[in-house]
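Please work through the exercises below with the sequence and the 3D structure open beside you, and try each task before you read its solution.

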Amino acid sequence: MATKLLDKGYAPEKVEEKWYQYWVSQGLFRPSLEEKKKVFSMVAPPPNVTGSLHMGHALNSTLQDILARYKKMLGYNVLWVPGTDHAGIATQNVVERELAKEGISRQELGREEFIKRVWQWKEEYGNRIINQLKRLGCACDWSRQRFTMDEGFSRAVKEVFVRLYEEGLIYRGDYIINWCPRCQTALADLEVEHEEEEGALYYIRYLRTDGQGYVTVATTRPETLLGDTAVAVHPEDERYQHLKGVKVFVPVVQREVPIIFDPYVDREFGTGALKVTPAHDPNDFELGNKHNLPRVKVIDETGHMTPEAGPYVGLDRFSCRKKIVVDLEKQGLLERIEPIKHSVGHCYRCKTIVEPMVSKQWFVRTKPLAEPALAAVKEGRTRLIPANWDKTYYEWMENIRDWCISRQIWWGHRIPAWYCTQCDEIIVAKETPTSCPKCGGRELKPETDVLDTWFSSALWPFGTLGWPDETEELKCFYPTSVLVTGFDILFFWVARMMMMGLHFIGEVPFYNVYIHALVRDEKGEKMSKTKGNVIDPLDMIAKYGTDALRFTLVSLAAQGRDIRLSEKRIEGYRHFMNKLWNAARFTLMNLEKDTEPKAEAGQGKTADLWILSRLQTVITEVRQNLDVYEFDKAAYSLYHFVWHEFCDWYLEWVKPTLYHPATPQEKEITQGVLLYVLSAILKLLHPFIPFVTEEIWQHLPYTQDSILEAPYPQPRPELIKTSVVTEMETMIGLVKTIRNMRGEIGIPPNVKVDIIVSTPRQDILTQIEKHKEPICRLGGIKGLTLSVHAERPSYASAAVWQGMDIYMPLKGIFDPKVEERRLNKEIDKVSHELAMVQRKLTNQDFLNKAPKAVVEKEQAKAAQLEEKLQKLKANLERIKGIQE
């Protein structure tokens, strides 16, 4: 039995590590395979092994942790699997930068030694983000922590690759891919980030080979014309009907190419004539296949011009662009240049402009895999939450392209394929072959490419549970209950997990997918180091404690709406932790050593019945909201109940009962209710703010085990008393109205006032009489007069609340004439300040020349002054309304 009082103030740094180690050491995050309980399972989106905790991780992990703790307290057998992703390109880049500091390149080191260095780096730094997730309080089963390149996962990856290949769903072929000249690797479509950029549209003349004029073509990339093998026009474009069978010369290289007719061409773009470069544009690649056009590669893997580029060989692609424009102008072939805003693809890792390139790559044939994954969402076997993501998911799945899964880097799952040097046979196998099955040759060359990181991540829900073995974990915990993820990886990851899970296990990987929004800065802008608006979660934890950060994020996490975060908000919720702590400290100071939590307030005062009734409603609201992933609404219900009902009103209302009870039994009833409600509050709040609730819980009488092992509160309908709630809300509203009356005319808190309440309703007057002591104490009232009909006194302010006329005589307390003069003076001053700011904001010269931040500051100042002016004017009207 705990009797120790809480410290005067809550110090997160003293309790967080202590309780986290306790939870782990007691095995509270580990499920049982034996217990026949309801199951709740999740796999955590594996952060990159190179990563450090950012606000997106903090939000994602907090939401998952709330679910894990909530379900455990509801009695579920909970498994939350953590782990990290090997993050191919990202990790290779990090280690290459480390090597560069030593003056070594990966090529000089060699593949085998480089891979060893990456593993060394991973062992040294790879757990950094895991330790940061622990600081956040994540209730993961760390004994099951996985890595996408650990031995078991590597076996699963090989199994999947070989099976898909044998089923004809993986193939190798020529294809136009996105190529990063800096990272020296292919990129999947989703790994290309498109950004709007200022560019130019070049109108270039292609001379007809028959000498009968020219065709003008518009392009944003004149350097690629060196690889043109046709000019295309729309078959219904009347401007070009006379060109059937005509050929033109490609400028500079003088290659003869045909004019082809195809409905793909956009008649509205440029001149309606399109240059076709099958080797360097994905759409042109398809056109080339359709019309059997040759592919001429004029840009190489480093972004330099090939010998096919003739006089431009060896030039960087952008230098070539400048030179070819000059040359075209000299030859009279450049008609004009127009500025244009267009979308340019960049590598998601290094931001280099991507080069479309035809290359031998490995692909997954996605259409047959996508169809069952599409059907699973349409049939409701997997639900996307919010449901407005369904349409986006359908569109992407219905228009899916084959997935390029090979990467020309060293760090990652090496593709399990070998090439026979004697007969060119491709051998795909789980184990290294000793000879070619076709010709018996023993000279086998291994594939050097590795798999796209997302290929292994796609197996996460079942690979982490021991597949391809038929483990107990797989039987017990797959499909998982929910996946919590950001919308930015809906297609990178979620859709691919759906495809792989259904194909290999025959079941969806998760029943629900909760898609949360982005965490932005307070202005709604994306956080980035370059803008200097990044809020570091680790800094916030150090400054305000983990619980304050968690509660801030969840309070702002409305479905489908980005979070606007500021440090001020986190500081605000730190005050909530203090409020809870102080309420618990007050409670413990006013309990006996043997007080038991009791909800038996039948003989209790109205306030006890009210708080118990309100508690049942809040329990229902919180549970209902958590069950449908409305985290912010659940947090709001708790915040409002704890701060504004339990602390502000209930504790204040019952102080006389605790300090000067009429009978010992009256005090004992209130103490039992007080402990019962505080215990319920801690249990309700625990999934949201685990550290402070555990610390307080351990100080309560009769608590021994962790709060995480306590059952989550269930509503007790018999404790709901609607009439009592109405009565208390009426009394609280009366006190609030009196406080507002005092505040509006600036009566100091230490000055007591007289109040007259007039209403024809005798039942209300009886209730006020019953609650007279707390109303007077909390309203700063020295005399309270109740009447069924009272005239308004002279020099009195007046207000109305639920049919009650409330009068506050002011004679001897307040002089309306003096206050009126003061307000008029203040109004003149604020009006003058506002006029000056408004003059500045209507000055076009200021708006054009001043920095954006300065203009925004002035706009905010104008809004504040306007608000202040309106309040002053409203107060003046109230003062004028005070009758003599």
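The exercises that follow deal with a helix pair, a sheet, a strand and some backbone angles.

The model is a predicted one, in which local features need pLDDT of at least 70 and side-chain atom pairs count only at pLDDT 80 or more, while totals for chains, interfaces and linings use all residues. Residues are numbered from 1 along each chain as its sequence is written, and side-chain values use heavy atoms, with hydrogens and water left out.

**Exercise 1. Describe how helix α2 and helix α19 cross, and list the residues of their contact.**

Step one is to choose the quantities: two packed helices are described by the angle between their axes and the distance between the axes. Helices (H or I, at least four residues) and strands (E, at least two) are DSSP runs, numbered from the N terminus. Axes are lines fitted to C-alpha atoms, for helices over the stretch in contact, and angles run from 0 to 180 degrees between N-to-C directions.

Step two is to read the values: the axes of α2 (residues 55–73) and α19 (residues 606–627) come within 11 Å and cross at roughly 120°. This makes α2 oblique to α19, because angles under 35 degrees count as roughly parallel, over 145 as roughly antiparallel, 65 to 115 as roughly perpendicular and the rest as oblique.

Step three is to find the contact (heavy atoms within 4.5 Å): α2 contributes Ile66, Leu67, Tyr70 and Lys71, and α19 contributes Arg623, Leu626 and Asp627.

**Exercise 2. Work out the strand order of the open sheet that contains β9, and say which strands stand at the edges.**

Begin with the order, which is β10-β11-β9-β12, with mixed pairing among the four strands; two strands pair if DSSP finds at least two bridges between them. Next, β10 (247–250) and β12 (273–276) each have a single partner strand and stand at the edges, so one side of each is left without a neighbour in the sheet. From one strand to the next, the twist averages 35°.

Then look at one pair in detail: β9 (residues 230–233) and β12 run antiparallel and are joined by four bridges, and Ala232 stands opposite Leu274 in β12. Finally, helix α8 (residues 282–291) packs on the sheet, where it touches β11 (255–261) and β12, and its direction makes about 85° with that of β12.

**Exercise 3. Is strand β22 buried or exposed, and how many bridges join it to β23?**

First recall the cut-offs: buried means under 20% relative accessible area, exposed over 50%, and partly exposed in between (1.4 Å probe, protein chains only). In β22 (residues 480–486), seven of the seven residues are buried, so the strand is largely enclosed by the rest of the structure. Six bridges join β22 to β23 (residues 510–516), and the two run parallel, with Thr480 standing opposite Phe510 in β23.

**Exercise 4. Locate the cis peptide bonds at Pro468 and Pro479, and the positive phi values of Lys351 and Tyr702.**

Most residues other than glycine have a negative phi, and most peptide bonds are trans. Trp467 and Pro468 are joined by a cis peptide bond with omega about 15°, and Pro468 is in the loop between α13 (460–463) and α14 (472–477). Another cis bond joins Tyr478 and Pro479, with omega about -5°, and Pro479 lies in the loop between α14 and β22.

Phi of Lys351 is near 70°; this residue belongs to the loop between β13 (334–347) and β14 (355–364), and Lys351 is partly exposed, with a relative accessible area of 42%. Phi of Tyr702 is near 75°, and Tyr702 is found in the loop between α22 (690–697) and α23 (722–744).
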